[in-house]
Amino acid sequence: MRLRMFGATLLLAFREIRRHLLRSFLTTLGIIIGVAAVITMVTLGRGLTADVQEDIAGLGSNVFIVFPESVEGRAPPPFEDDDIRAVERQIPGVVSAAGTAQAGATAFHNGQDWRTSVQGADPAFFAAQSIDVEEGRSFNAQEVESGEAVCILGTKVVDEIFVEGEVLGEQMRIGNVSCQVIGTVGERSSGGGGGGQDANDVVFMPLKTVQRRFTGSGNVQFFVVKYDDSYTNSSIQQQLIDLLRERRVIQEGEANDFNIVDTADINETVNNVTGTMTAVVTVIAAISLLVGGIGIMNIMLVSVTERTREIGIRLAIGALAKEVRMQFLTEAVVLCCFGGLLGILLALGLSMSLANAIDLPFLFDPVVNIVSFVFSAIMGVIFGYYPAHRASKLDPIDALRHE
Amino acid sequence: MSDAPIIELEGITKTFGTGAAAFQALKGVNLSIARGDFVAVMGPSGSGKSTTMNILGCLDTPTSGTFRFRGVEVQSLSRDQRSMLRRRYLGFVFQGFNLLARTSALENVELPLLYRGETKKARREAAERSLDKVGLLPWASHTPAELSGGQQQRVAIARALVTDPDVLLADEPTGNLDTERSVEIMELLSGLSETGITVLTVTHEEEMAAFARTIVHFRDGLVERSEAGARAGAEVRP
């Protein structure tokens, strides 16, 4: 019997809302905007976090990246091969360390050319950076040792200059070096190569080859250190700093002329930024929801006044106070639920198109959607209660006389 | 049970406002109405007839005195208990019809059953039966705006009848209608009282009061006199 009553009340609420479609829509706008803002922000935040985490995974986990850094405008000395060997040998817990050097170069093949960068690497660098050779093979010890002219191509380079036909085994020219393609790496997310460029727009050659034929020195521009995850990253980092200060003869009190980037730090920074942004938007949304709630209350009060006579009729034919209260409360909740639903739809469209526009993955978060919807309904109860209570307290005689 | 009056008022007073602004609308009304009677309440404006009707309709409570309805003392009941009495035993017809706008005649008639928790099917059937009694079944799907005044009042009567009430209270049911429609309505009410429903109606017009079996005259907050109408036969105690 209660359920039957509730069904009829619900139907009545829908009908009232349909009767004042524009008014209902404008009333719920505050809730629509609030809900949409929160969901969009959380969804984009998730996308951003996931994107960064993927990039970090591209950098490899349990990995430090060590760059030279200028101190007070003085150019820092470059790292040498010996520095890397020392890190590998002397710090317990370090699995491998591998340097790299990069240079700009134009790749030519079969009449096509493409401006790209050539990066020195060896299998240890690939392992540390989680770079997989998808087709063909990686560099062998012989090629690494003697700096042979072989290359492994990123997908972008393959796409740009190999219009058709076989890639592996082809002879091509990088700058003025002729080399043989022995492999290609799989598609990587951007950021893996550092510097914000497309990580797939790269030609890998053995480090020695790049040093000899492109950069013209035995220096490495940065190196990666992969460590065993049974060691804490702070202890490894401290030993790394101590060792590099010693090798680079930095006096006590002087600043480090190098910078160690910890992939875990990046992750944390992004999480902090996302968290802060979400908090700010949540506060704004809370204000919007509050304003929206007051709007709901206002329009419900108007509705109660407009329908005073109707309330009088209902009371006269025997409606209980709580039944009248329930009717108006239901209407407020249904109104807010519509707002919540529209907010969710708006958020869906917004976050999809925004994610697309700023090149982030779209990650639907069911929890924030459900929570937002439930919250909208609760708003209806909170802000609908007073008008509903007022309706239920009307005197039937006065209400019937109301013009 | 059937011999006992369905409505008994003893020394009913009603005062509106307090202090210097206080106004005593009823000054000790005694009235007893038998089951199945058709009573017309008459009197000039401010004589207390509407206040009495509100008390009889369990919409208002007296300031003092005893109101027994079906032997139950109504003045001591709570607001919700009075609502329960209304939905179970009373039907209302108002001067201004008081139908829900933009709602079909059928749905208007169904409304009281909704608060009784009847099923949709039962509501529909009862409402159709009730509309049929007032001869408006063909207009079931029309909204009040699409009906004439007389038709609207008949829908209101159908709504009052749908719950099979013991008492039908009609406050100037013909006040907004022309003579021809008024006669139709009074004949309808008269016919209903024949079926055992106690009908109380307030009216200004002698012509309409003539349909009643008992006519009660109010003056200055008191029952002035009761007399037998054109269709006498009910016992009335002033």
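This text goes through the fold of chain A and then its contact with chain B in a predicted model.

Chain A contains 13 helices and 11 strands. The domain assignment splits chain A into two parts: domain 1 is made of two segments, 2–55 and 268–401, while domain 2 covers 63–263. In the sequence, domain 2 therefore falls between the two segments of domain 1, because the assigned bounds place 63–263 after 2–55 and before 268–401. The C-alpha centres of domain 1 and domain 2 of chain A are 54 Å apart.

The overall dimensions of chain A can be read alongside this division. Along the principal axes, the C-alpha atoms of chain A fill a box of roughly 105 × 60 × 40 Å. The radius of gyration of chain A is 33 Å, whereas a compact globule of 403 residues would have a value near 22 Å. Of the 403 residues in chain A, 40% are buried. Contacts within chain A can also be sorted by sequence separation: among those between residues at least 6 apart in sequence, 84% join residues at least 24 apart.

The remaining part concerns the two chains together. The contact between them takes 18 residues from chain A and 19 residues from chain B. On the side of chain B that touches chain A, the elements giving two or more residues are helix H2 (79–89) and helix H3 (105–116) of chain B. H2(B) provides the largest share of that side, with 6 residues. By residue class, the side of chain B that touches chain A has 9 nonpolar, 5 polar and 5 charged residues.

How values were computed
Residues numbered from 1 in each chain as written. Chains lettered and ligands numbered in written order. Predicted model: local features only at pLDDT ≥ 70, side-chain atom pairs only at ≥ 80, totals over all residues. Contact = placed C-beta atoms within 7 Å. Helix = DSSP H or I, 4+ residues; strand = E, 2+ residues; numbered from the N terminus. Nonpolar A, V, L, I, M, F, W, Y, C, P; charged D, E, K, R; others polar. Rg over C-alpha atoms; globule rule 2.2 N^0.38 Å. Buried ≥ 20, exposed ≤ 12 C-beta atoms within 10 Å, placed from the backbone.
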